[in-house]
Amino acid sequence: MTEVVILGAGLGGVIMAYEIKEKLGKASKVTVVNAGHTYTFVPSNPWVAVGWRTPEEVSVDLRPVFQRRDIELRPEGAKRVHPSENRVELNDGSDLAYDYLVIATGPDLAFDEIEGLGPHGNTQSVCQLDHASDAKAAFETLVKSPGPVVVGAVQGASCFGPAYEFAFVLDTALRQAKVRDQVPMTFVTPEPYVGHLGLDGVGDTKGLLESAMREHHIKWITNAKVTKVEAGTMHVEEVDEQGATKTTHELPFAYSMLLPAFRGVPAVSGIDGLTNPRGFVLIDKYQRNPAFPNVFAIGVCVAIPPVGKTPLAVGVPKTGFMIESMVTATAANIASLVNGEAPRAVATWNAVCLADFGDDGIAFVAQPQIPPRNVNWSSQGRWVHAAKIGFEKYFLHKVRQGKSETFYENLALDILGVKKLKDIHIESAE
Ligand code: FAD
């Protein structure tokens, strides 16, 4: 019996469990360790934060579906991974042994790196469902007492699509509440230009996003380093191309949502050979850790170097399609190892993203992620909002059903009409 343990039941971990169970069948025991027994669809959090979704609508109780699929759920959460002993220590003090471990723990949110940042400080967050619920209460206060808004991401962040998305969703929600005229909005970002997205732009994301921000009356500050957030005042240093301070801004705000920098979760960070200094899991092209070859990693928790040099730290985003491709490659590679073969599946890591504006939106496809690219495409239209709703409904449906097929690949084929985006590449046997 092959024992596979998956850490984290988020976007990557849940479909990982379905796919590996399907591949290995009854001769395997698949266990998922998560903090709690609920899956939440993170991409819907911006909608929760303005009341367009309830937390219940974007949550799934994993117990019945895991039971149907013969997958064990350990909701205690992991305290520490011990890769040299092939075991995971859980928060209740018990241990879980494994033959193969897949780390899918997502990000640890580094709010503490900037004074006053985050839900325990003076800004809102949409990174977690509970944060988004709190952000909704703050949004309601803003509607009652309108004032300036600051939205964006801080230095070291890697998740820029959702920052733009939230700015436009908030703009739409404030227009619907008929108070937008009383809310000056500023977007702050460490990106060197609007639409860089941690990918040095995709297609014309610079032009599209700048134009959309002008049309929606959202001002912006790029190369922005947030130094401190006081209640009602954001302190920002704008840097030049060398990273030296060019000017400083004190931005008053009645409401602010800033995405933090990400780092690895405490259960895996600081383990020699497993993680980099930031706590992200080191992997080779087969999603496998070089020091501990029975450990794999998928999703936001993996280490990916930045695309080129920027004056401030700007990370590379890890989006749905890329994560789905990591899952499929990992399942294929573990199955190969179980069958005594070498791993040969390589995730393609294409970036496909939908940034919803609430009534409109921007989509982009970067294949591969690092320029120069074979596909470098972006587009704007009302269909993006509809496609994002489709993504949400479809993904939640497959989590409830216990299915693991790739949504984004079908979307890219059917709607975007771009050349087939392979989710994995199988190397030929030596
Ligand atoms: P997560 O989904 O964050 O899952 C990690 C899981 O691990 C969580 O359940 C967590 O509780 C668990 N965990 C952590 N530590 C432990 C531990 N010690 N023990 C046990 N469990 C643990 N991508 C897109 O493609 N399209 C979008 O529209 C999109 N929108 C986004 C919107 C927002 C606001 C954000 C933040 C990201 C968005 N992304 C989007 C990017 C990405 O797809 C998501 O962040 C996705 O949820 C990442 O999946 P993941 O599995 O790596 O991590």
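In this predicted model, a good place to start is Tyr255: apart from neighbours within four places in sequence, Tyr255 is in contact with Gln124, Ala135, Ala138, Phe139, Leu142, Pro148, Val149, Val150, Phe166 and Leu170. Tyr255 also belongs to the largest nonpolar core, a set of 141 residues. Together with Tyr39, Leu62 and Leu170, Tyr255 touches the most other members of that core. The core is shared between domains, with at least three residues coming from domain 1 (2–108 + 263–348) and at least three from domain 2 (111–261).

Two of the contacts of Tyr255, Val149 and Val150, lead on to the strands. Strand 11 covers residues 149–153 and pairs with strand 12 in the parallel sense, over 4 bridges. Within this pairing, Gly152 sits opposite Val188 of strand 12. The route between the two strands passes through helix 5 (residues 161–176), and strand 11, helix 5 and strand 12 form a right-handed β-α-β unit. From strand 12 the chain then crosses through helix 6 (residues 205–215) to strand 13, in a β-α-β crossover that is likewise right-handed.

Strand 12 and strand 13 (residues 218–221) run parallel and are joined by 4 bridges. Here Val188 appears again, with Ile221 as its bridge partner in strand 13. Val188 thus faces Gly152 in strand 11 and Ile221 in strand 13.

What of the side chains of strand 12 (residues 185–188): which point one way, and which the other? Met185 and Phe187 point one way, while Thr186 and Val188 point the other way. All four of these residues are buried.

Definitions and conventions: Residues numbered from 1 in each chain as written. Predicted model: local features only at pLDDT ≥ 70, side-chain atom pairs only at ≥ 80, totals over all residues. Heavy atoms only, no water. Buried < 20%, exposed > 50% of the residue type's maximum accessible area, 1.4 Å probe, protein only. Pairing = 2+ DSSP bridges. Right-handed = clockwise from strand over helix to strand, strands pointing away. Core = buried A, V, L, I, M, F, W, Y, C linked by side-chain atoms within 4.5 Å. Domains from an automatic or database assignment. Contact = heavy atoms within 4.5 Å.
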